[in-house]
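Q: Please take a close look at the helix pairs and the nonpolar core in this model. How are the helices set against one another, and where do the buried residues lie?

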Amino acid sequence: LIENQVVSVRWRRLAVILTMASTVSAAVIAGLQADANIRSETANRESQYFAILASGELYRQGLATDYEFRTLTLAVKDAQEATLLQLTALEQENRSEEDAAALSRLRATLAEARAERVGQLSVLLTDPAYMPAEEGGTPNMQAYLDSTFQEANRLVSLQNDAADAYRQWNQKSDAYVAVLAMIAMVLTLYGLAQASSERMQLPFLTLGSFILGLALFWTASLLFG
Amino acid sequence: LAPQGEGAGGIGRSEIWIAIAIAIVSLSTAVAAWRTSDLDSHAGDAEREGLIQTVQSQSLTNEDWRLVYEQAANAQRYFASQAEAGALAASGNAGARDQAQALQDYLLPNLALIAGQLVTNPAYLQDDGSLDLQARFADEQAANQALNALDLEGAFARADRLRNQRRWLSVGAVLLVVSLFWLALAEISRERARRSALLIGLAFYGFGLVWFAVVELGALAAARGGV
């Protein structure tokens, strides 16, 4: 009987130690859960922030592209008009229509002046990165589009990274809640082990320790996985 | 704690004291839970405010860009007409020179009015004849009072500070819960086990209270320091 009582006291002592370890684990895991939750909320906010910036950048890019293409179109149109008017003036001279030819030349000069000045306003005609390689050629539109999309792409990439981080931390936070639920079960089992008769102490302790092991293994895989 | 006096109904004196301790710790835990939730709520408010201000800021920025490109389109018309007037004036035709003068006197001033500062302020005209739209945009932003009144970085920094405080307070709240668990264990245990459980519970409670005080004082100091 005395030997049984000694064993019972030992199990009870072990139960107290394991309970103590479980409560400390619960405290640490609750801290990890709060941390994961906060990180997921921050990442969620950043994801929304970058999405707003990306939409703004796409709007700005639309305005810029519209302006550049309109400027280029105007410059090309005026340059073509100037060429056509010069050809018209030559034809008129051949037909000895001197006054009409002079008027055509004047209009050609005006169109040329407009084309030259408007061309100065377009990066597609002035920036060495996009301007035509040869006279009369077309600007490098692909290089222009690649360059203008760069900032929007960077922001979308940051937004995607933040969204991924949000998903990852949110999943971790949910997993920690499950681990905490497991530790609540463990505490219940250890509490029962301390309050129950000596015959039931070992089964409660074994089951509780098994669940605690699973919970700690899951926590380690969440921390280092 | 050692020898137990029996009160009415066979309840030991230590059991009454432990019950009182449980009540106090429960109350403290409730206050801690409220404070943690309160901080979370304030952090959420600051975060929402930051996001709303981000939307406002982006709308105002979009409007500034729209204005700059509208001015650029008008400036383009101005410079085209100016070039035309120059070509007319340079021609040998007297009628064309009169037309150039009319353009200079009537059309160009009106176009300049529409085009605004991109035409009237030489700071935006670059050496190669192009327009410095980025500089015009920067000046529009600097003059935009509604935009300058926004403080989204401040709102996000406040949200981060409150969340950080909540992070540490939630650890303190767990310490109180752990203390509650041990006190409950003391209530149902006997003799030496009861004494040990009670001491551990009280130690956790004291540690939790100190933890709370340190986190709150640290947050107060950080808020005063403008962090």
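The answer below treats the helices and then the core.

A: This is a predicted model, in which local features need pLDDT of at least 70, side-chain atom pairs count only at pLDDT 80 or more, and totals for chains, interfaces and linings use all residues. Residues are numbered from 1 along each chain as its sequence is written, chains are lettered from A and ligands numbered from 1 in the order in which they are written, and side-chain values use heavy atoms, with hydrogens and water left out.

Helices here are DSSP runs (H or I, at least four residues), numbered from the N terminus. In chain A, the axes of α4 (residues 141-195) and α5 (residues 198-224) come within 8 Å and cross at roughly 165 degrees; axes are lines fitted to C-alpha atoms over the stretch in contact, and angles run from 0 to 180 degrees between N-to-C directions. α4(A) is therefore roughly antiparallel to α5(A), a label for angles over 145 degrees. The crossing of α4(A) past α5(A) is left-handed, that is, the near helix is turned anticlockwise from the far one by less than a right angle. The residues of this contact divide into 22 nonpolar, four polar and one charged, where Ala, Val, Leu, Ile, Met, Phe, Trp, Tyr, Cys and Pro count as nonpolar, Asp, Glu, Lys and Arg as charged, and the others, Gly among them, as polar.

The 27 residues of α5(A) should span 39 Å at 1.5 Å a residue, which agrees with the 39 Å between its end C-alpha atoms; the expected span is 1.5 Å times one less than the number of residues. Among the buried residues of α5(A) (under 20% relative accessible area, 1.4 Å probe, protein chains only) are A:F204, A:L205, A:I211 and A:L222.

In chain B, the axes of α1(B) and α2(B) come within 9 Å and cross at roughly 165 degrees. This pair is therefore also roughly antiparallel, and α1(B) passes α2(B) in a left-handed crossing.

The largest nonpolar core (buried Ala, Val, Leu, Ile, Met, Phe, Trp, Tyr and Cys residues joined through side-chain atoms within 4.5 Å) has 35 residues, of which B:L131 and B:L133 touch the most other members. Elements that give two or more residues to this core include α1 (2-94) and α2 (98-120) of chain A and α1 (13-90) and α2 (94-115) of chain B. α1(B) supplies the largest share, eleven residues.

How values were computed:
Parallel < 35°, antiparallel > 145°, perpendicular 65-115°, else oblique. Buried < 20%, exposed > 50% of the residue type's maximum accessible area, 1.4 Å probe, protein only.
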